[in-house]
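User: Hey, got a minute to go through this complex with me? I'd like to start with the contact between two of the chains.
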Amino acid sequence: MGNDQSTMVAPDELLARFDARTAAGDAIEAKDWMPDAYRKHLVRQMSQHAHSEVIGMQPEGNWVTRAPSLRAKQILLAKIQDEGGHGLYLYSAAETLGISRDEMIHQLHSGKAKYSNIFNYPTLNWADIGAIGWLVDGAAIVNQVSLQRTSYGPYSRAMVRICKEESFHQRQGYEIMTYMMRGTAEQREMAQDAMNRWWWPSLMMFGPHDGDSPHSADAFKWKIKRHTNDELRQKFIDKTVPQAELIGLKVPDADLKWNEEKQSYTYGKINWDEFHRVINGNGPCNKQRMEHHIKVHNDGAWVREAATAYKNKQNAQKTNLN
Amino acid sequence: MATDTQLDTWEVFMQAKAGANFIHQGSVHASDGKMALQNARDTYTRRSEGTSIWVVPTTAIVASDPADADMLYDPANDKIYRLPTFYTMPEGAKQI
Amino acid sequence: MTREEALFKYTLRLGDNALILSQRLSEWCSYGPILEEDLAMTNFALDLIGRAQAFLGYAAQLEGIGNTEDTLAFRRSERQYYNNQIAELPNGDFGHTMVRQLFISSFEQLLFSQLRNSKDETIAAVAAKTLKEVKYHASHAGDWVIRLGDGTDESSRRVQQAVNAIWPYTAEQFEMDEVDSLLVAEGIAVDLQSLYADWKNHIAAVFAEAKIAMPGECYMQTGSRQGIHTEHLGHLLSEMQYLQRAYPDAKW
């Protein structure tokens with residue numbers, strides 16, 4: 001019973017069936033046969049995504065205790081909690097592929113797994129919280145909406161849930177920016193300063209230009225990814241520039257121009273040297289973010305050990321009673 | 001100590017409103033059932049999505065093998081006599 | 001003291017307790033021992049901010065001199081806060097926070113269960129909502145104190161230390177002053193002294209299961225009814241009030 005497909009069917013036949021299923025738009029589930037490369041790509045992408053949500057709690061958490069009103073504190077806290085929840089959904093989805101959360105955390109700490117580069121930048125004034133919600137979450141949502149139809153079922157279901165919950169994040173960020181642009185001269189200055197610092201890193205979030213993207217070919221064939229980096233980046237720019245203009249923020253790009261014919265914006269050169277420098281560990285906050293995560297993980301070890309020890313004692317007691 | 005420092009995993013099923021089916025939501029980590037319930041509540045009902053939760057240790061789930069799908073599920077396909085539309089009722093028959 | 005003055009002070013105290021503890025709990029954001037606990041502690045902080053908004057908003061209305069929930073939260077100085085000192089104690093480790101949470105939320109469960117019947121409708125309504133929240137906080141904290149108390153040698157030692165350190169701040173929760181007596185007589189407030197026996201029994205039951213020793217007789221800290229606090233509160237406030245104080249003309 002339980003014919004193991006891998007022993008009954010030739011490997012290239014399995015692969016052909018898999019390719020046909022993903023091409024037809026079928027969802028793949030945890031127990032389905034899948035090529036190693038598919039599994040690996042998913043683990044890499046999903047754990048990176050989960051780590052990003054969790055590391056992303058740090059720059060925003062930096063302002064929780066200094067939020068300027070009870071409402072602002074409440075909203076920010078709820079939003080950061082969502083990010084934690086989204087990290088949890090994604091770890092949970094990645095675990096269906098046979099990797100444990102513990103292992104994913106080890107990979108993060110050893111540098112084997114990455115997280116989004118954007119969180120290696122510091123939050124320096126309150127408007128940065130607005131900029132993260134509006135620009136960073138705005139960029140993330142463009143990507144996440146596209147991933148709702150990704151071929152791996154657990155990933156797709158996590159993304160559907162995440163997109164539903166993220167819808168308020170971008171709005172709260174834009175609301176902060178709007179309030180600040182309507183406020184005092186100092187507030188407007190803070191808002192423009194945040195815009196200047198977060199705009200380009202937000203564009204980098206979509207990854208290298210399509211010609212330079214290393215992991216793409218299989219990801220498209222198997223419908224893990226459904227839109228290219230440049231398509232998504234363009235979409236983000238086209239919807240965000242008018243929002244900036246509406247509240248009087250200047251986009252810090254001298255080459256930004258509306259292209260009537262393409263019905264979209266052309267934009268200046270992205271500084272890929274900076275992108276690679278930060279990815280390779282030399283951003284303003286790389287070390288700080290990782291040290292924070294490692295320290296918290298280590299500081300919490302005694303709590304997790306105690307919970308496990310308590311469970312073992314309770315189980316032993318139950319066994320003795322039987 | 002166990003090498004895994006993230007406690008055990010539990011599958012979470014939630015009922016959106018009284019009378020509805022319990023639907024799988026995802027998983028949480030916890031060392032015991034009570035903690036698993038609390039964690040599921042804090043993770044999956046932040047927007048009042050549920051009124052009742054089940055948590056089950058992930059290791060207790062037995063899943064069918066996709067390779068057995070033809071053996072397990074295809075035989076039901078031709079048992080159309082299980083469907084009410086299979087039967088012809090005389091003209092004028094009511095409430096049946 | 002008039003009934004109105006007493007009601008303002010009483011409401012302010014209820015608001016300050018929620019406000020200051022929410023600030024402490026929000027410091028846990030991204031510091032939880034496991035992701036799930038990060039979410040849980042954020043939930044408690046959110047419940048408490050909601051409660052602070054309700055009570056401080058009501059206090060501002062009672063005061064009637066143009067304050068709002070936010071000016072009350074962010075524009076007062078140390079001596080004008082009336083929260084119990086236990087709420088402002090630094091978080092310490094996770095065990096420390098859970099012990100503080102157990103002491104506070106077990107008290108609040110008893111408090112709000114009676115305040116539901118307050119003759120002041122606003123207080124009664126907020127209390128009814130709050131009771132559901134603090135029941136969960138108390139149960140969550142109690143479960144953790146038991147797990148940690150009866151977990152490993154290290155966790156048991158840490159929890160016992162936390163209990164010994166925080167215990168002297170527990171009695172203040174039950175202190176009564178003129179505000180309380182006046183409002184108890186009106187059927188608005190709760191006789192706090194009458195809650196103590198139930199509170200202590202509950203704590204004793206949790207400690208017994210957690211194999212934690214109940215601290216003996218000791219000096220109990222006091223002062224918050226007169227706005228006397230630990231040195232910690234000033235630092236908490238200077239962080240919390242930073243933007244409101246640095247940019248007094250700004251709206252956020």
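Analyst: Sure. Buried area here is the accessible area, with a 1.4 Å probe, that two parts lose on being put together, summed over both. Keep in mind that this is a predicted model.

User: OK, so how much area do chain C and chain A bury between them?
Analyst: About 4100 Å², and 70% of that is on carbon and sulfur atoms. In residues, 50 from chain C are in contact with 44 from chain A.

User: And how many salt bridges are there between chain C and chain A?
Analyst: The count is two. A:Lys313 makes a salt bridge with C:Asp150, with 3.1 Å between the closest N and O atoms. The interface also has 14 residue pairs in polar contact, both residues at pLDDT 80 or more.

User: Which helix of chain C gives the largest share of the side that touches chain A?
Analyst: Helix 2 of chain C, with twelve residues. Several others supply at least two residues each, including helix 1 (3-26), helix 5 (94-115) and helix 6 (121-149).

User: What's the make-up of that side of chain C by class?
Analyst: The side touching chain A has 23 nonpolar, 13 polar and 14 charged residues.

User: Switching topic: where does helix 9 of chain A bend?
Analyst: At A:Trp198, by about 35 degrees, and a proline, A:Pro201, follows within four residues.

User: What about the end-to-end length of helix 9 of chain A?
Analyst: It agrees with expectation, because 20 residues (185-204) at 1.5 Å a residue should span 28 Å, and the end C-alpha atoms of helix 9 are 30 Å apart.

Key. Residues are numbered from 1 along each chain as its sequence is written. Chains are lettered from A and ligands numbered from 1 in the order in which they are written. This is a predicted model: local features need pLDDT of at least 70, side-chain atom pairs count only at pLDDT 80 or more; totals for chains, interfaces and linings use all residues. Side-chain values use heavy atoms; hydrogens and water are left out. Contact means heavy atoms within 4.5 Å. A salt bridge is a side-chain nitrogen of Lys or Arg within 4 Å of a carboxyl oxygen of Asp or Glu. A polar contact is a pair of N or O atoms within 3.5 Å; within protein, one must be able to donate a hydrogen and the other to accept it, and residues adjacent in sequence count only if both atoms are side-chain atoms. Ala, Val, Leu, Ile, Met, Phe, Trp, Tyr, Cys and Pro count as nonpolar, Asp, Glu, Lys and Arg as charged, and the others, Gly among them, as polar. The expected span of a helix is 1.5 Å times one less than its number of residues. The bend at a residue is the angle between axes fitted to the seven residues ending there and the seven starting there.
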